[in-house]
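Biologist: Could you pick one part of this protein and walk me through it closely? I'm new to this, so please explain each term as you go.

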Amino acid sequence: MSDGSKHEKKDLKAPEISPSGKKKRYIILSVILAVVVLLVGLGVYFVKDYFSYNYNEITEEPEQLGFEEVKDERIINIALFGLDTRSPDSFDGRSDAIMILSINAGTSEIKLISVMRDSLVPIEKNGNTSYNKINSAYASGGPELAIKTLNTIFDLDISEYVSVNFFKLADIIDLVGGIEVNLTVSEVSHINTGVREVCGILGLDFEDYQVSASGTQHLNGIQATAYARIRYTANIEGTTNDYGRTDRQRYVMEQLLNKVMAMEKTQYIKLIKPILSSCETSLTYGEVFDVAVNVLASKPTFEDARVPQQDFLMPSPNAGV
């Protein structure tokens, strides 16, 4: 008598896939992987292309930059160089504008110090020291020697820099919409001399860029850069020669900072890329963005100065001769 409660055991096996089926599956997986790799590759290329700029990675060895150790981790010191070149894409030449941008991330303080370009200083290169104007250090050994010279003279710990030329500075000023400047009659004439030169190099119509009146004027990039280059006439406060020029340069920088600080944080991403494209710098995109969001957006205080200060100036031994 059979037991109806018992059932026969059956082996459960996965369905067999024919060789042609296996081949088809491998082909599908390969295609999927190829698409993923392609998308990743395109994404990396897009990111690198979008954020590409004139990045120059200088040495990270403090002793090669003229200091032993960072003095305060909260303070970022950046050397700013304005280069005297008539080539729109060149970052070579003498640094006729030299500034030190000091940012205190702990207190949200920004200090901007001009260094007179004709300062006679010791410049150490390849184990030899010679005395020359400080603006020659950049032309002789690039940003690294210029930074080393600043650190050695002023006992600083600068390890980053940003360089611009006449043309790139004009582009940056245009990115923020220009600046307001109170001009003397004589400054208008000197501005137009600089504007005419740049327009001639770039093939622009001078009449479209000339400044026509004194007083408070809205200057575009080419006009404001020409203003920052003026040396042979007094500014609105009566300061002339290279002292007046450094005053103008710091004023332009302060106006740029004010324009950026007035923007919403959401605008920084759109602004940083074109600004970086107009510079040569050792700063990474992330470092620039960090400063913009964590310092500039916090509405920091601003101070400016010049070295040497007026009290420490000495008359030329040949004065009156």
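Modeller: Sure, let's start with leucine 202, which is partly exposed at a relative accessible area of 38%. On this scale, buried means under 20% relative accessible area, exposed means over 50%, and partly exposed is what lies in between (1.4 Å probe, protein chains only). Before going on: this is a predicted model, where local features need pLDDT of at least 70 and side-chain atom pairs count only at pLDDT 80 or more, while totals for chains, interfaces and linings use all residues. Residues are numbered from 1 along each chain as its sequence is written, and side-chain values use heavy atoms, with hydrogens and water left out.

Leucine 202 sits in helix H4, which covers residues 185–202. Helices (H or I, at least four residues) and strands (E, at least two) are DSSP runs, numbered from the N terminus. Leu202 also joins Ile201 and Leu204 in a nonpolar surface patch, and together they have about 220 Å² of accessible area. Such areas come from the Shrake-Rupley method with a 1.4 Å probe, and for residues only the protein chains shown count as cover. A patch takes residues with over 30% relative accessible area and no salt bridge, joining like charges within 9 Å and nonpolar side chains (Val, Leu, Ile, Met, Phe, Trp, Tyr) within 5 Å. A salt bridge, in turn, is a side-chain nitrogen of Lys or Arg within 4 Å of a carboxyl oxygen of Asp or Glu.

Now zoom out for the setting. The chain has eight helices and eleven strands, and 39% of its 321 residues count as buried. It exposes about 18900 Å², with carbon and sulfur atoms supplying 54% of that. Take the contacts (heavy atoms within 4.5 Å) with a separation of 6 or more: 69% of them link residues 24 or more positions apart.

Elsewhere in the chain, strands E5 and E6 make a hairpin with two residues between them. They pair in the antiparallel sense over six bridges; pairing here needs at least two bridges found by DSSP. Across that pairing, valine 121 stands opposite asparagine 132 in E6. In the loop between E5 (120–125) and E6 (128–133) you'll find asparagine 126. Its phi is positive, about 55°, although asparagine 126 is not a glycine. Asparagine 126 is exposed, at 70% relative accessible area.

Aspartate 155 is another residue other than glycine with a positive phi, near 55°. It belongs to the loop between helix H2 (136–154) and strand E7 (160–165), and its 52% relative accessibility makes aspartate 155 exposed.
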